[in-house]
Amino acid sequence: MKDLDSIIEQVEQRFGEAVEASDRPFGDAVLTVGRTRVRDVLSHLKEQGFDLLLDIGGVDGLHLGRRERFELVYNLYALESDLRLRVKVFVPESDMTVPTVSDLWMSANWAEREAYDMFGFVFAGHPNLVRILCHREFVGHALRKDYPIMKGQWATGTSDLRPDLERE
Amino acid sequence: MGVKGIPVTKHETGLITTRLDEVIRWGRKNSLWPLPFGTACCAIEFMGAVSSVFDISRFGAELVRFSPRQSDLLLVAGTINYKLGPVLKRIYDQMCEPRYVISMGACACSGGFYDNYATIQGIDQIIPVDVFIPGCPPRPDAVLDAVVKLQEMIDKEPQRRPRQPERERERPR
């Protein structure tokens, strides 16, 4: 069983400058990775025993003044060694494309759809990148800080749920 | 003499006569078959209202049907979001006249505390509602109260007349 420090060290050695930062806020290990190499890093971490992708979170730092507006946070868990690791990626507003990891972890399929639905991240290579929570007529992305949070949008059909019921 | 609430005339032959409207009205109000459209915790309270302690069958509304074709009372219990709106509308449209709607709980009545992009701020924006029940969630007593209120309403309404003539006649039969 490996410990977290040696895994992080290994990642830093192997990926060099792609690992932008590594720290432990509140005791949780966080790796910040460059957008182009995130898939390689995650693939490597999966081989190191992180067999569970718990969730993919999005952050809209519109008012946070960070170097890019958006962040993606992958929460990993290793069942056997009971280790947790977060991988963070900064995503610029101008190009929100991130490579998909839905082929590495099945759970990434819906998690990426949710991140697309709520924030507008585009996961290149995702097999079915459509909205998962909001209805398909929804315009915009609800969890972005510049979306008026109380603005509802009417749905006119049930095509999300039963495509066969909608004849158009 | 006679059934409570219905004017009857007793004849010497043993027959009783009354008005057809009155009999239909009496039957309607005492045999509401609810369709629970339960999406949240209000549905659990409705289960409490149906089961033995509160016993909604004392008011004739215990025959819960999960088909809009077989029910006359749509009981919307829970949060309705925009994605579910067309589904609720379709269920309502599939019900036969006469049909009644009870909006149960804060969420169905007004969106409750979900004042956000996902939640419809009151189902009366989609379908007509006869009785609103406040509460989060309402106690089963409140459900019984709503059923009684609805029965009083049915008692007063003119019979053998579609409740929404303008809408119903537009649709080809």
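Of the 168 residues in chain A of this predicted model, 29% count as buried. Laid along its principal axes, the chain's set of C-alpha atoms takes up a box of roughly 55 × 35 × 25 Å. Chain A has three helices and seven strands, and reading along the sequence gives the order α-β-β-α-β-β-β-β-α-β. As for how far its contacts reach, take those between residues at least 6 apart in sequence: 49% of them join residues at least 24 apart.

Two of the helices in chain A are worth a look as a pair. Helix α1 (residues 4-15) and helix α2 (residues 38-47) of chain A have axes that come within 11 Å and cross at roughly 140°. That puts α1(A) and α2(A) in the oblique class, since an angle has to be over 145 degrees to count as roughly antiparallel. The crossing itself is right-handed. On the α1(A) side the contact is made by A:Val11, A:Arg14 and A:Phe15, and on the α2(A) side by A:Asp40, A:Val41 and A:His44. Sorted by class, that comes to three nonpolar, one polar and two charged residues.

Chain B offers a helix pair of its own. Here helix α1 (residues 20-29) packs on helix α5 (residues 140-156) of chain B at about 165°, and the axes are 9 Å apart. At that angle α1(B) runs roughly antiparallel to α5(B). Again, the crossing of α1(B) and α5(B) is right-handed. The residues involved are B:Arg25, B:Arg28 and B:Lys29 from α1(B), which meet B:Gln151, B:Ile154 and B:Asp155 from α5(B). By class, this contact has four charged residues, along with one nonpolar and one polar.

Then there is helix α2 (residues 41-50) of chain B, where B:Cys42, B:Glu45, B:Phe46 and B:Ala49 are buried. Looking down the axis of α2(B), these buried residues stay within an arc of 105°, so they line one face of the helix. The spacing fits the usual helix arithmetic: with 3.6 residues a turn, residues three or four places apart point the same way. As for partners, the buried residues of α2(B) pack against the strands β3 (34-38), β4 (73-77) and β5 (100-104), and also against helices α4 (105-110) and α5 of chain B.

Finally, the two chains touch each other. The contact brings 15 residues of chain A together with 10 residues of chain B. On the chain A side, the touching residues break down into seven nonpolar, six polar and two charged.

Methods: Residues are numbered from 1 along each chain as its sequence is written. Chains are lettered from A and ligands numbered from 1 in the order in which they are written. This is a predicted model: local features need pLDDT of at least 70, side-chain atom pairs count only at pLDDT 80 or more; totals for chains, interfaces and linings use all residues. Axes are lines fitted to C-alpha atoms, for helices over the stretch in contact, and angles run from 0 to 180 degrees between N-to-C directions. Helices (H or I, at least four residues) and strands (E, at least two) are DSSP runs, numbered from the N terminus. Angles under 35 degrees count as roughly parallel, over 145 as roughly antiparallel, 65 to 115 as roughly perpendicular and the rest as oblique. A crossing is left-handed if the near helix is turned anticlockwise from the far one by less than a right angle, and right-handed if clockwise. Two residues are in contact if their C-beta atoms, placed from the backbone, lie within 7 Å. Ala, Val, Leu, Ile, Met, Phe, Trp, Tyr, Cys and Pro count as nonpolar, Asp, Glu, Lys and Arg as charged, and the others, Gly among them, as polar. A residue is buried if 20 or more other C-beta atoms lie within 10 Å of its own, exposed if 12 or fewer, and partly exposed in between; C-beta atoms are placed from the backbone. The arc is that of the directions from the helix axis to the C-beta atoms.
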